[in-house]
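Q: I'm new to this one. Can you walk me through it, piece by piece?
A: Sure, here it is.

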Amino acid sequence: MAAPPSRLNIYDAVAANRWRTIALVTVFTGLLSALGFAVGEIFAPGGGLAMVPAALGLSGVSATASYFAGDKLVLRQSQARELAPGEETQLRNIVETLSIGLGIPPPRIYVIDDTAPNAFATGRDPKHASIAVTRGLIDKLDRTELEGVIAHELSHVGNHDIRVMLLVTVLVGTVALLSDWGMRSMFWGRGRRDRGGGNAGAIILIVALVLAILTPIIAQLIRLAVSRQREYLADASGALLTRYPPGLASALRKIAADREALEVANKATASLYFANPLKDAPRVMDGLFDTHPPIAERIRRLEAM
Amino acid sequence: MEILIVLAVIGLIVVFVVGLYNRLVTLRQRVREAWADIDVQLKRRWDLIPNLVETVKGYAAHERQTFEAVTKARSDAMAAAQTGSPEQRAQAENALGAALLNLRAVAEAYPQLQAIQEFKDLSENLTATEDKIAFARRFYNGNVRDYNTAIQTVPTNIIAGMFGFTVEQYFELTDPTQREVPKVSFS
């Protein structure tokens, strides 16, 4: 019946991401409640329920803060500097042109003075978005490759991926913080007093401990799965935007060949980047712990278009 | 009891119709916003032309025909924007694009002209603007396609007919060299 769409409709992608955000917040609310309960039980037997609202409150505050200031934090951590007007005209023209093709206002442009080629986008919505590219990316890629990378990043902006990633990053951080807290108090023996509940008390404590160990891992896996899946989609919509998949494929090949790690990136910000900036890529458990899909697979999909 | 059921059915139908109507309005609004994007870029191209013509004139004064063709195409395009249909306007802008291409081809023959900074800046600006026109047009046509599909398919076509939503026209610039321009100047 209807012809296959010759473009991924940005409005559909935004709607899908709205549902994804709601689902993620729901899942994380569950995880945080369970974790809050566990930490409360470890602190004091029977104190689990009291801890749940505290845990949810803490994550609510941090999620709100990150929603409004997370992008600035990430940019500062990456030592990105905003492009002055008249500087790097070609880069600015590419960003402005592709933004028009996507129907979004052009984001602010930042440069990271590092020779490792990479880029990322962040912000809460297209009106408050920033895109950062490294000096190495500008110097090492030609125009079509640069267009490919920028189109990929702009798709993250247009699809509202940046908001999802910002929220997920912070929620994972909160889970890790809470669990760390519980485990520490366990090891320092504060929770061991008055643990006279017999078998029932012991079982609850074991369950609480297992929860405290497992939830951060689950949270991390969710984040990485979301991140990997978004990369494929951004590759596809970026290639559709430029109508030239070989440009992006060739950029990926150059970046894969470049063995230099990006010093300003860390474990928390790695999944935001265009390609894994840490260059560690431990291929264990079928890539379950990777921030990005394998570059060879991304290139293969682009070449199949 | 029966009255309640009838009322409920009527209520559901109203909600359904309102939903479809609002969707059509949203789609049409997107088409108009996208049109504004094209408009801005086309106007920017007009604004760049007088400077470009003056600069080239300084080095190649005897290429009068070329300058006149560009100037005429520009005023034709501006007139078409005032009065013409999107189709006529696309035609006029097409002609302007071709005239500009010709002007740049003429300018190629003057190495001194190629060397001055003002011409380089104008050239990069024009290239970027034409690129933006191409992308704005693509975005516009995509939105037109979504809107036209909606008003021609069931069930939205019924609502479209009732409230007078009409098919929007695509903005076609057929000249294939337009997309090729950036590659020429950057290689």
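Q: What order do the strands of the open sheet in chain A have?
A: The open sheet has four strands in the order β1-β2-β4-β3, with mixed pairing. Strands here are DSSP runs of E with at least two residues, helices are runs of H or I with at least four, and both are numbered from the N terminus. Two strands pair if DSSP finds at least two bridges between them.

Q: Which strands stand at the edges?
A: β1 (80-82) and β3 of chain A. Each has a single partner strand, so one side of each is left without a neighbour in the sheet.

Q: By how much are neighbouring strands turned against each other?
A: By 30° on average, direction ignored. Axes are lines fitted to C-alpha atoms, for helices over the stretch in contact, and angles run from 0 to 180 degrees between N-to-C directions.

Q: Does a program make this, and how are things numbered?
A: This is a predicted model: local features need pLDDT of at least 70, side-chain atom pairs count only at pLDDT 80 or more, and totals for chains, interfaces and linings use all residues. Residues are numbered from 1 along each chain as its sequence is written, while chains are lettered from A and ligands numbered from 1 in the order in which they are written.

Q: OK, back to the sheet. How many bridges join β1(A) to β2(A)?
A: Three, and these strands run antiparallel. A:Glu82 stands opposite A:Tyr110 in β2(A).

Q: Which helix packs on the sheet?
A: Helix α5 (residues 143-158) of chain A, touching β3 and β4 of chain A. Its direction makes about 20° with that of β3(A). Contact here means C-beta atoms, placed from the backbone, within 7 Å.

Q: And β2(A) with β4(A): parallel or antiparallel?
A: Parallel, with five bridges joining strand β2 (residues 108-112) of chain A to β4(A). A:Ile109 stands opposite A:Ile131 in β4(A).

Q: How does β3(A) pair with β4(A)?
A: Strand β3 (residues 119-123) of chain A pairs with β4(A) in the antiparallel sense, over five bridges. A hairpin of five residues joins them. A:Ala119 stands opposite A:Val133, and A:Gly123 has A:Ala129 as its bridge partner.

Q: Is β4(A) buried or exposed?
A: Six of the six residues of strand β4 (residues 129-134) of chain A are buried, so β4(A) is largely enclosed by the rest of the structure. Buried means 20 or more other C-beta atoms within 10 Å of a residue's own, exposed means 12 or fewer, partly exposed is in between, and C-beta atoms are placed from the backbone.

Q: Which residues sit on each side of β4(A)?
A: A:Ala129, A:Ile131 and A:Val133 are on one side, with A:Ser130, A:Ala132 and A:Thr134 on the other. In a regular strand the side chains alternate between the two faces of the sheet.

Q: How many residues of β3(A) are buried?
A: Five of its five. A:Ala119, A:Ala121 and A:Gly123 point one way, A:Phe120 and A:Thr122 the other.

Q: New topic. What is chain B made of?
A: Chain B has seven helices and zero strands. Along its principal axes, its C-alpha trace spans about 90 × 30 × 20 Å. Of its 187 residues, 29% count as buried.

Q: How do α1(B) and α6(B) pack?
A: α1(B) and helix α6 (residues 156-163) of chain B pack at an angle of about 75°, with their axes 10 Å apart. That makes them roughly perpendicular, so the pair crosses in the class of 65 to 115 degrees (under 35 is roughly parallel, over 145 roughly antiparallel, the rest oblique).

Q: Which residues meet there?
A: B:Val17, B:Leu20, B:Tyr21, B:Arg23 and B:Leu24 in α1(B) meet B:Thr156, B:Ile159, B:Ala160 and B:Phe163 in α6(B).

Q: Last one. How many residues does each chain give to the contact of A and B?
A: The contact takes 13 residues from chain B and 11 residues from chain A. On the side of chain B, α5(B) gives the largest share, 10 residues.

Key. Two residues are in contact if their C-beta atoms, placed from the backbone, lie within 7 Å.
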